[in-house]
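These are my notes from a reading of one structure. I looked up the metal site, the backbone and the packing of helices, and I begin with a point on the backbone.

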Amino acid sequence: MSLSFEVLGRDGPARRGRLQTAHGAIDTPAFMPVGTAGTVKAMLPQSVAETGAQIVLGNTFHLMLKPGAERVASLGGLHKFMNWPGPILTDSGGFQVMSLAELRKLDPDGVTFRSPSDGSQHRLTPERSIEIQHLLDADITMSFDECTTWPVSEEDAAKSMRLSMKWAARGKAAFKERPGYGLFGIVQGSVFPALRAESVKALTDIGFDGYAVGGLAVGEGQEMMFTTLDGTVPLLPQDRPRYLMGVGRPGDIVGAVKRGIDMFDCVMPTRAGRTAQAFTRRGELNLRNARHRDDPRPIDAQCGCPACRDYSRAYLHHLIRSDEILGLMLLTWHNLHYYQDVMRGLRGAIEGGTLDHWIAAFETEQASGDIPPI
Ligand SMILES: [Zn+2]
């Protein structure tokens, strides 16, 4: 195997693991901040690392259009280009291309699309997606797949999933195996248990370094997402990492870890930070709200991030209301730090065999709501 993965401990289906890549180790369960265009927005790479993140995501679609995969490769690869020496996972570009409803043409071989920024024509095939991710020097490469829309009929979900499985086999054939680098397959099949099982079978027959669950968090709701994971995760190989794509809120992550998922990514903590929203142990709050105007207390007295350590809610509220860049930077930092706190808590609880107790305390605290105003 190109990537070594070790399960260090278990608590029920939940796993505490370590994934070794060419650019370092990742302790799982892990949350991966999203660095869409070669930057986790509003954060220096060293600040991202200080939150405890060990791996970031890069985005094939955005980077192929700007500045171009060949250019990144000629400048030494994405790690050097963005000054992130740690592991990088790249998505396949499929998700963004498929969401360009007006600008794309899908055929059995791949997809042709127009750049939303300058109208230029581009083509992505399973082979080209793998090649781009190789040029970017991704430690973890994702299979190119068609992301099934939601809601979808079982017939359409089956057709889409079977096309993705063909593309997964082509991607595997195109992938250049190297020590410390790996390729993940993506399980599709929407919310239909038989299709998910068929997809797992197809992928495990091909053989991947890790398995992602795709096509969730697209509007089906948390309950249906958990039901789908209940049916899918037990079918995945025990000795390979499992990645739930695009998820989610802290409560979604906790529920998925409990069901045996090891890796997550989501734009939520960074995107919400730029809209003044903070995720905390006591749920979500918005610093734009007038209740924080005269509040000298931090967002969360127990949080160790710079926003909570050095600044009041009143000051953060002022920055947000004044459209100051520092406000977005501090809230992004806080949110990423909080997400990593959740992951640290989950890893510790699995190691200690106290996951159920930890989750009960997490849920009680989340439900308690923000501290009362002064
Ligand atoms: Zn904080």
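**Entry 1: unusual backbone points.** I began at Gly 248, which sits in the loop between strand E14 (242-244) and H10. I note at the outset that the model is a predicted one. The peptide bond that joins Val 247 and Gly 248 is cis, and its omega is about 0°.

I then looked up a second cis bond, the one from Lys 66 to Pro 67, where omega is near 5°. I located Pro 67 in the loop between helix H2 (60-65) and helix H3 (69-74).

My last backbone point was Ala 42, a residue that is not a glycine and yet has a positive phi of about 75°. I found Ala 42 in the loop that runs between strand E5 (34-35) and helix H1 (45-50).

**Entry 2: H10 and H15.** From the loop before H10 I moved on to the helix itself. H10 covers residues 250-258 and packs on H15, residues 355-368, at an angle of about 165°, the axes being 11 Å apart. Because of that angle, H10 is roughly antiparallel to H15. I recorded the crossing of H10 past H15 as left-handed.

Which residues of H10 and H15 meet? On the H10 side I listed Pro 250, Gly 251, Val 254 and Lys 258, and on the H15 side Leu 355, Asp 356, Trp 358, Ile 359 and Phe 362. I sorted the residues of this contact of H10 with H15 into six nonpolar, one polar and two charged.

**Entry 3: the zinc site.** Which residues coordinate the zinc ion? I found the SG atoms of Cys 303, Cys 305 and Cys 308 together with ND1 of His 334, at 2.1 to 2.3 Å. The four donor atoms make angles of 100 to 114° among themselves, and I entered the site of the zinc ion as tetrahedral. Along the sequence, the donor residues follow the spacing C-x1-C-x2-C-x25-H.

**Entry 4: H6 and H7.** I next examined H6 (residues 126-136) against H7 (residues 154-174); their axes come within 8 Å and cross at roughly 45°. H6 is therefore oblique to H7. I recorded a right-handed crossing where H6 passes H7.

In this contact Pro 126, Glu 127 and Ile 130 of H6 meet Trp 167, Arg 170, Gly 171 and Ala 174 of H7. I divided the residues of the contact of H6 with H7 into four nonpolar, one polar and two charged.

**Entry 5: H7 and H8.** I stayed with H7 and turned to helix H8 (residues 193-206), finding that the two axes come within 10 Å and cross at roughly 10°. Are H7 and H8 roughly parallel or roughly antiparallel? I therefore entered H7 and H8 as roughly parallel to each other.

H7 brings to this contact residues including Glu 154, Ala 157, Met 161, Arg 162 and Lys 172. On H8, the residues met include Leu 195, Glu 198, Ser 199 and Ile 206. I counted the residues of the contact of H7 with H8 as 10 nonpolar, one polar and four charged.

Terms used:
Residues are numbered from 1 along each chain as its sequence is written. This is a predicted model: local features need pLDDT of at least 70, side-chain atom pairs count only at pLDDT 80 or more; totals for chains, interfaces and linings use all residues. Side-chain values use heavy atoms; hydrogens and water are left out. Axes are lines fitted to C-alpha atoms, for helices over the stretch in contact, and angles run from 0 to 180 degrees between N-to-C directions. Helices (H or I, at least four residues) and strands (E, at least two) are DSSP runs, numbered from the N terminus. Angles under 35 degrees count as roughly parallel, over 145 as roughly antiparallel, 65 to 115 as roughly perpendicular and the rest as oblique. A crossing is left-handed if the near helix is turned anticlockwise from the far one by less than a right angle, and right-handed if clockwise. Contact means heavy atoms within 4.5 Å. Ala, Val, Leu, Ile, Met, Phe, Trp, Tyr, Cys and Pro count as nonpolar, Asp, Glu, Lys and Arg as charged, and the others, Gly among them, as polar. Donors are N, O and S atoms within 2.8 Å of the metal (3.2 Å for Na, K and Ca); water is not among the atoms, so sites may look incomplete. Four donors count as tetrahedral if all angles lie between 85 and 135 degrees; four count as square planar and six as octahedral if opposite donors are over 155 degrees apart and all others between 65 and 115; anything else is irregular.
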